[in-house]
Amino acid sequence: MVKKFITNKTIIIISIFFIIGAILRFILISKIPVSIYWDEAADGYNAYSILHTGRDEYGTFFPILFRSFNDYKMGGYVYLISIAEFLFGLNEFAVRFPSAFFGSLTIILVFFLTKEILYFSKSFREKSNNISILAAVLFAICPWSINFSRAGFEANVALFFVGLAVWFFLKNVREHKKIFYFLSTFTFVVGIYFYRSEFVFIPLILIVLLITFKNFFKENLKLSIINLLFLIVLLIPLAFAIKSEVTSDRGVKVSVVYNAFDDQVQFSRDRLYFNNIIGKAIFNNKTAIIYKAIQNYEQNFNPVFLFTQGDPNKRHSTDGMGIIYLIDAPFLLFGLYKILRSKGNSKLLIVGWLLCGFIPSAIADINPHSLRGLNDVIIFEIIIAIGIFSFIDLLKNKNIRKITIGFTILLYLIFFIRFINLYFFVDPTKVGNLWADGYQELYSYIAPQQNNYKKIIISGHYWEPYVYFLFYSKYDPYLYQKNGSVFGFGKYIFGGTSWDLTNPNHRELDHRTLSDLAKTKDFIVAISPGEFQYEKKQLIPIKNIYNLNGKLVFIVAKSKN
């Protein structure tokens, strides 16, 4: 039974925008983005392997962390894909389905979460229903969310569980039902099992909740301790999984700590003419790390990143615009202003969440980073909704208010249409190379001919080609676990990548005798244009493979017998 405070009108509006949001996240999902990128292909095949054998590509039985490209991904998303593949088979749709599904569910979650957050605000409680509707509507059309919902990003699923955990916690504080407390703890842990950034964000948001609702924790100290023990028990399997040195290495390599910053430190000393014992005490690797983390953090709040240019990695945002709309900027600022002036616990929670969201990005190597900072997308839309509502609320003249509402809707519609044009019609022809566009076309050409040759050599110039041929061929996981590797399986032999130093013996195909590599002259090779220049004397080109933006990606050739 629907509670009285949720009216039929509210249900209709939320339902309409849930459908719109779901369409935006699901339509043409197999084709746009133009190709599955490396991690998607790896997750898809590992899920396929789990579904059929109970083991990942390396033969590990139901792992918590998936070794994949030696980056040891959290396993939650892979297991969700295996369910999708049971329903839809091994294909692009199945790989992206969990992200799109949970991205769509988050629209509804934003409505309920906003209502719970604003219940604790004396300034916004009475207006919470309308603000919550607006927050859900804004989230439904938010570029930041749509971008990550349309590809296999595990962070998008983690976002849902983190938001759900906060909602459960707030429900517990308001209704004093123990079940909500345990559900909150459980869903926080589920979020951790999906994405590594939650290792940082979830403890931070728990601290924010502790500060915001300190009286609740004091009054329920025994229950809180039990919940803490419950959380620890749930994390024990993960603790054992990350205990080994090799699995913990991933987090170190992407952190600001990994680089010693010697050049930066020396530059600071030289610049200040302070290259002495005092200078070394002030400017050293530790202070450089702190400085770098602060610098990284600031970059994530740069208006250029947020509103005009977006993420430097164009898989993480739409080229030609920010991660959110430019029209959001004034309402974000006004909303934050109104929140800071408001009364009640909501202020601490909203501001604390906002400040903590980008900390996982700040302590990593590349910034700004909209993926590692994805936890902030919900709170951004809530603040923007408060800003819009508060601005409209200032207008007392009904006619002026109606005109302002109409003009605001029109502006959002213009920015939304521009985003749709950029994302669906412009981006696919500009950033296809970032999505490894060309592998599917290559496999579609080679597969019908594979029985005509003894060996098939694939360039590794674009990194880890083996996983695409596993994915598109639906290669038997039992056979791969027994006899396959990144170097090859069946008739296939895979080259390496020059910049990937994890295996120095796995090199690119230039300056190599391909017939010696294949141990036969009866082979076909798919090679990058650069490698072909070194190998063309021993090859006869038979097919060029281009990506969607017209760039030559592979030259398929056969040996000169």
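Colleague: What makes β6 and β8 a pair, and which way do they run?

Modeller: Two strands pair if DSSP finds at least two bridges between them. Four bridges join β6 (residues 523-527) to β8, and the two run antiparallel, so they pass that rule. One contact to look at is isoleucine 524, whose bridge partner in β8 is lysine 558. Strands here are DSSP runs of E with at least two residues, helices are runs of H or I with at least four, and both are numbered from the N terminus. Bear in mind that this is a predicted model: local features need pLDDT of at least 70, side-chain atom pairs count only at pLDDT 80 or more, and totals for chains, interfaces and linings use all residues. Residues are numbered from 1 along each chain as its sequence is written, and side-chain values use heavy atoms, with hydrogens and water left out.

Colleague: How do you know that β7 pairs with β8?

Modeller: By the bridge rule again: β7 (residues 539-546) and β8 share seven bridges in the antiparallel sense, so the minimum for a pair is met. Isoleucine 540 has lysine 558 of β8 as its bridge partner. The two strands make a hairpin with five residues between them, and in the turn glycine 550 has a positive phi of about 85°.

Colleague: Why is β8 called mostly covered?

Modeller: Buried means under 20% relative accessible area, exposed means over 50%, and partly exposed is in between, with a 1.4 Å probe and protein chains only. In β8 (residues 552-559), six of the eight residues are buried.

Colleague: Why are β4 and β7 described as standing at the edges?

Modeller: Look at the order first: the open sheet has six strands, β4-β5-β3-β6-β8-β7, with mixed pairing. β4 (488-489) and β7 each have a single partner strand, so one side of each is left without a neighbour in the sheet.

Colleague: What makes the pairing mixed?

Modeller: β6 and β8 supply antiparallel pairing, while β3 and β6 pair in the parallel sense over four bridges. Within that second pair, isoleucine 457 has valine 525 of β6 as its bridge partner. β3 (residues 455-458) is also joined to β5 (residues 492-494) by three bridges, again parallel, with isoleucine 458 bridged to phenylalanine 494.

Colleague: What makes leucine 65 count as buried?

Modeller: Leucine 65 has 9% relative accessibility, so it counts as buried. Its place is in strand β1 (residues 65-66).

Colleague: Why is the contact between aspartate 365 and arginine 372 called a salt bridge?

Modeller: The term needs a side-chain nitrogen of Lys or Arg within 4 Å of a carboxyl oxygen of Asp or Glu. For aspartate 365 and arginine 372 the N to O value is 3.7 Å, so the contact qualifies. Aspartate 365 is partly exposed because its relative accessible area is 32%, whereas arginine 372, at 13%, counts as buried. Elsewhere, salt bridges with shared partners join Glu116, Lys171, Arg174, Glu175 and Lys177 into one network. By this rule the count comes to ten salt bridges.

Colleague: How do you know that lysine 171 and glutamate 175 are separated by about one helical turn?

Modeller: They are four residues apart in helix α7 (residues 154-175), so about one helical turn separates them. Their side chains meet in a salt bridge at 2.7 Å, N to O, and both residues are buried. Lysine 73 and aspartate 71 form another salt bridge, at 3.3 Å, and they too are buried.

Colleague: What makes Leu221, Ile225 and Phe240 part of a nonpolar surface patch?

Modeller: Patch residues have over 30% relative accessible area and no salt bridge; nonpolar side chains (Val, Leu, Ile, Met, Phe, Trp, Tyr) are joined within 5 Å, like charges within 9 Å. Areas come from the Shrake-Rupley method with a 1.4 Å probe, and for residues only the protein chains shown count as cover. The patch is about 790 Å², and its other members are Leu228, Leu229, Ile232, Val233 and Ile236. Leucine 229 lies in helix α11 (residues 221-241).
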